[in-house]
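User: I would like the labels on this model justified one by one. Set each value against its cut-off, then conclude.

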Amino acid sequence: MVFERLLQKLKEEVSDEEKEEIERFERYFLNRLSDKEKQEYGHIFEELFKVMSGEAQAELVSRAGYIAEDKSVDRAIEYVKAMNENREVLGELFKVMSGEAQAGLVGWAGEIAKDKSVDMAIKYVKAMNENREVLGELFKVMSGEAQAELVCWAGSIAEDESVDRAIEYVKAMNENREVFKVMSGEAQAKLVGWAGSTAKYESVDRVIEYVKAMNENREVLGELFKVMSGEAQAELVSRAGSIAEDKSVDRAIEYVKAMNENREVLGELFKVMSGEAQAGLVGGAGYIAKYESVDRVIGYVKAMNENREVLGELFKVMSGEAQAELVGRAGYIARWESVDRAIEYVKAMNENREALGELFKVMSGEAQVELVSRAGEIAKDKSVDMAIKYVKAMNENREVFKVMSGKAQAKLVGGAGSIAEDKSVDRAIEYVKAMNENREVFKVMGGEAQAKLVGWAGSIAEYESVDRAIEYVKAMNENREVLGELFKVMSGEAQAKLVSGAGYIARDKSVDKAIGYIKLFKNITNKKIKEKDLKRIEGLTKEVDFSANDLEKLEKEKGDVYEKARRLVTYAKLKQNGIEISKPSLSKEWQQEAYEKGLSYVSQKFGIDNPEVVVKEIDDVLQFTLIPGKYTEEVGELFNNIEKIEKEKSKEYKLGKVYHNKKIAAVKTEAKPEELVDYFVKAMIGRWAKIKPTAKGKLGVYFAGEGEKKRESIKLARELLSSFEGSKKLKQAMIYVRSCEKPEKIFKDIKQDYQKLKQGDKEAGLKILEYFQKKFVEPGLPEKVEPLSDIIDSIKGLYGLKTEGYVAETIEMEKPGIDFLFDSSKTSCCAFMPNGANKEASLIYLADRDVGLLKYKLVGFDNSKEDAGVAIMVKCKDKDGNKVLLVDSVEFNSALRDSIKGWREKFYDAILRAAKDSNVDYVVFNVDVANASPQAFNRMLESKGVKKKEIYLEKLHELPQDVDETYLEAFGGWEKPKGKVEGYIVEVK
């Protein structure tokens with residue numbers, strides 16, 4: 001087959017990441033074609049490939065796969081055909097382009113074809129071709145990297161502004177192309193990036209002014225760049241762009257000229273520096289020029305040069321990264337304190353380079369950077385003497401680093417530095433000594449667990465006391481035999497979770513309880529529990545709240561460790577809701593007591609006459625504790641009529657019927673909740689956050705504030721934009737949050753929890769999400785807060801997700817009960833309790849006989865079921881009186897959407913079988929859905945060739961008493977459930 005030959009050749013030439021893109025193409029495009037279509041379209045691809053570089057070929061395949069997945073195979077084919085019809089144009093255009101630039105052009109054409117139209121994509125390609133002479137001239141002086149960046153920015157401008165504006169930008173760059181002749185490829189790319197950003201977000205005139213100014217001063221730049229590494233050149237251009245954007249072009253040029261006038265000084269200085277360190281120096285200088293004055297920056301550069309001998313000696317014992325950090329810190333001190341203090345810091349570090357050298361021999365690069373950073377921070381905020389005292393103390397205790405992973409080393413250095421700064425250097429030394437004296441404990445642990453142990457010790461030292469941290473580390477060391485036995489049967493991830501749970505308890509409760517918690521799991525070593533049981537335990541380690549627990553009694557009881565942990569969780573949650581109960585045990589009597597007291601709680605709080613009818617087991621009680629207080633009356637009324645509601649619903653749906661049940665392999669997701677919360681915070685309040693294209697045409701969130709790195713931005717794009725609710729929702733959420741409160745005020749509110757989060761405290765992440773929920777979601781109008789609410793719930797869905805602990809999947813028709821109201825975080829749907837923006841909708845769904853919830857559930861080792869998706873269905877009639885099942889949306893857990901293969905097809909089959917049982921004539925799948933999961937489901941319908949149509953529908957029966965409207969997307973949200981609906985129509989056979 002043509003495709004097999006083309007793709008095989010391509011796979012041999014591309015990176016692993018690009019191979020994944022080819023697999024996406026095969027999955028979403030190729031697998032949906034017939035053999036005849038594969039032959040036909042294979043030849044089209046073959047013709048196109050003849051005029052393209054390998055990079056462009058890979059990008060074409062990638063884009064076709066993305067369009068097929070997000071829109072339809074038809075749209076992807078239309079895009080490829082249109083590109084092929086214009087291959088002569090492409091061939092001419094590609095003659096003047098590097099492979100990277102070709103890939104960028106193909107990527108942006110595909111992006112425009114997906115989000116706008118194929119016609120607009122072709123218009124962009126043709127416009128670029130008509131100006132290929134301009135491009136050719138421009139590209140003669142540009143690196144491949146810069147060409148790619150230019151093409152991407154032109155595409156971004158074409159998509160969001162206009163093709164004319166994109167061409168205007170390209171022409172302006174060409175008129176000033178001479179400037180690129182004096183620059184490294186990295187610097188060229190930076191210049192193009194700043195210019196493109198300005199052209200798109202400010203104006204083309206402004207970019208022309210900036211580029212012209214740089215071009216007019218290219219002689220100055222050329223001289224300057226002769227003494228600089230490519231990295232430093234890129235940093236200079238970046239800093240100049242930042243100054244031009246925030247201050248003025250004049251100030252940017254003044255900064256460049258001042259640097260040039262001192263290039264001899266810089267040249268001498270740079271001889272002793274790595275490329276990274278040069279970039280760090282230029283960055284610090286630019287920062288001073290922007291916020292202070294150009295004079296001050298020159299004073300700093302000269303002072304550094306006068307001490308270059310000192311720097312040269314110092315740098316001999318340092319990695320390039322550590323050099324860069326040292327220089328960066330010196331610049332930071334020079335800006336905030338004085339140039340004199342910066343120099344004093346550098347000299348002091350040099351005088352102690354022997355200590356540093358010894359220390360760095362046993363340290364990872366990551367830890368070296370952290371040490372230099374912390375020393376610089378202490379020098380700035382406290383004194384240089386204190387910084388040196390800190391370095392010496394670390395050296396004296398360097399033995400501890402020999403038994404640690406690089407990550408743990410960095411955590412230890414960071415924690416010690418934080419204590420030194422917030423408490424005192426003496427306290428930091430005391431803490432490091434304790435770690436060194438108890439270093440044997442690290443020998444029984446994996447690297448991830450070591451990092452967690454050190455992180456929690458630092459957190460305890462900072463937020464509680466150094467004494468408690470020392471007590472915790474000692475206790476862990478004294479119990480290393482228990483830990484060692486435990487860890488022999490635990491995965492690295494499980495070890496980390498166990499240590500993290502212990503740290504959490506030690507910090508917030510006591511060290512004794514933390515050790516009791518570890519001993520609780522010790523009979524794992526007796527081989528009474530299998531690997532699958534161990535995986536179940538992982539998900540519970542952080543949930544257990546040990547307040548007022550008598551652990552010794554429970555620990556001595558014979559029985560399953562998992563069940564012990566489960567009962568502790570139940571006990572803790574009941575206590576948190578003011579339910580007085582005996583200390584937990586494994587007896588049937590305790591379980592009965594918990595159940596009866598739970599029944600009493602439900603009866604009293606919600607006014608339910610016969611709670612045993614709705615509360616079948618203790619887990620149901622725990623669901624009731626989540627219901628917001630203001631809904632207790634409505635919930636009580638509903639559950640007092642639950643038997644009547646069930647009787648009415650059973651006339652429309654086969655309640656409790658299982659439509660799919662199958663064993664599954666382990667469910668995996670790479671997404672980490674603490675990382676996503678970190679990225680979420682940065683997206684909501686990061687300074688000048690903008691969404692812009694990368695060289696490959698994919699979306700990334702770039703922060704113009706200090707300290708953000710490109711790879712972190714790209715990761716944010718991949719995790720938060722692609723895997724969750726999409727860039728549109730992210731932008732809407734950002735706009736809403738910033739319209740309500742200043743970012744500075746938000747950061748002040750969450751600062752403590754954010755610091756804890758950065759130290760690995762996942763619970764702090766939950767507190768941050770709760771803050772955004774309470775401050776912005778709960779007081780806001782549902783239509784305003786829904787995007788923010790959905791993102792929060794999507795991230796929350798990762799907490800407590802035991803991705804290794806499921807054995808089966810089931811799709812079943814939900815019976816009226818407490819589960820009808822839940823769960824917004826697990827299903828990533830705003831219509832449910834406890835935190836959905838439109839959570840009142842679930843109360844109406846429960847009361848309304850026409851609404852059925854078909855739920856996808858994951859089944860655990862203990863046979864417990866956890867919601868992961870829901871199809872919201874409504875019985876309707878059309879204008880001719882035909883019975884119709886309207887599927888308002890098919891929601892699914894955002895974190896698992898790409899991990900569970902075939903969920904859409906399984907849901908589709910189950911819905912059609914449920915429709916047959918409901919005696920309807922046909923099914924209508926609503927087109928107008930907002931969330932990423934139902935959009936993905938609808939794309940699957942398109943790929944099956946299901947046709948869509950606009951029809952009139954109204955709900956089969958009247959709304960429940962005292963209800964005027966219900967929340968259904970098909971009818972426009974909170975509206976009366978009747979009117980025109982656009983949907984995919986499937987007959988029931």
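**Labels and their reasons**

Analyst: Gln 623 lies in helix H39, residues 618–624. The model is a predicted one.

User: Why is Gln 623 called buried?

Analyst: Buried means under 20% relative accessible area. Gln 623 has 17% relative accessibility, so Gln 623 counts as buried. Beyond its neighbours within four places in sequence, Gln 623 is in contact with Ile 818, Asp 819 and Phe 822.

User: What makes the packing of H1 and H3 oblique?

Analyst: Helix H1 (residues 2–13) and helix H3 (residues 35–50) pack at an angle of about 40°, with axes 8 Å apart. Angles under 35 degrees count as roughly parallel, and 65 to 115 as roughly perpendicular. About 40° falls in neither range, so H1 is oblique to H3.

User: Which residues of H1 and H3 meet?

Analyst: From H1 come Val 2, Phe 3, Arg 5, Leu 6 and Leu 10. From H3 come Lys 38, Gln 39, Tyr 41, Gly 42, His 43, Phe 45, Glu 46 and Phe 49. By class, the contact has seven nonpolar, three polar and three charged residues.

User: How do H9 and H10 cross, and with which handedness?

Analyst: The axes of helix H9 (residues 132–140) and helix H10 (residues 144–160) come within 10 Å and cross at roughly 145°. The crossing is right-handed.

User: What does the contact of H9 with H10 consist of?

Analyst: Leu 135, Leu 138 and Phe 139 in H9 meet Gln 147, Leu 150 and Val 151 in H10. The residues divide into five nonpolar, one polar and no charged. Gln 147 is the polar one, because Leu, Phe and Val count as nonpolar.

User: Now the charged pairs. How many salt bridges are there?

Analyst: The structure holds 37 salt bridges.

User: Why is the pair Glu 137 and Arg 177 called a salt bridge?

Analyst: The cut-off is a Lys or Arg side-chain nitrogen within 4 Å of a carboxyl oxygen of Asp or Glu. Here N to O is 3.6 Å, so the pair qualifies. This pair links distant parts of the chain, 40 residues apart. Glu 137 is in helix H9, and Arg 177 is in the loop between helix H11 (163–175) and helix H12 (185–201).

User: What makes Glu 137 and Arg 177 partly exposed?

Analyst: Partly exposed lies between the buried limit of 20% and the exposed limit of 50%. Glu 137 is at 30% relative accessibility, so Glu 137 counts as partly exposed. Arg 177 is at 23%, so the label is again partly exposed.

User: How are Arg 374 and Glu 370 placed in their helix?

Analyst: Both are in helix H24 (residues 365–381). They are four residues apart, so about one helical turn separates them. Their side chains meet in a salt bridge, 3.1 Å from N to O. Arg 374 has a relative accessible area of 22%, so Arg 374 is partly exposed. Glu 370 has 22% as well, and is partly exposed.

User: Why is Lys 443 called exposed, and what is Glu 440 called?

Analyst: Exposed means over 50%. Lys 443 has 52%, so Lys 443 is exposed. Glu 440 has 32%, so Glu 440 is partly exposed. The two form a salt bridge, with the closest N and O atoms 3.1 Å apart.

User: Which residues are linked in a network of salt bridges?

Analyst: Glu 812, Glu 814, Lys 855, Lys 857, Lys 865 and Asp 867 are linked in that network.

Methods:
Residues are numbered from 1 along each chain as its sequence is written. This is a predicted model: local features need pLDDT of at least 70, side-chain atom pairs count only at pLDDT 80 or more; totals for chains, interfaces and linings use all residues. Side-chain values use heavy atoms; hydrogens and water are left out. Axes are lines fitted to C-alpha atoms, for helices over the stretch in contact, and angles run from 0 to 180 degrees between N-to-C directions. Helices (H or I, at least four residues) and strands (E, at least two) are DSSP runs, numbered from the N terminus. A crossing is left-handed if the near helix is turned anticlockwise from the far one by less than a right angle, and right-handed if clockwise. Contact means heavy atoms within 4.5 Å. Buried means under 20% relative accessible area, exposed over 50%, partly exposed in between (1.4 Å probe, protein chains only). Angles under 35 degrees count as roughly parallel, over 145 as roughly antiparallel, 65 to 115 as roughly perpendicular and the rest as oblique.
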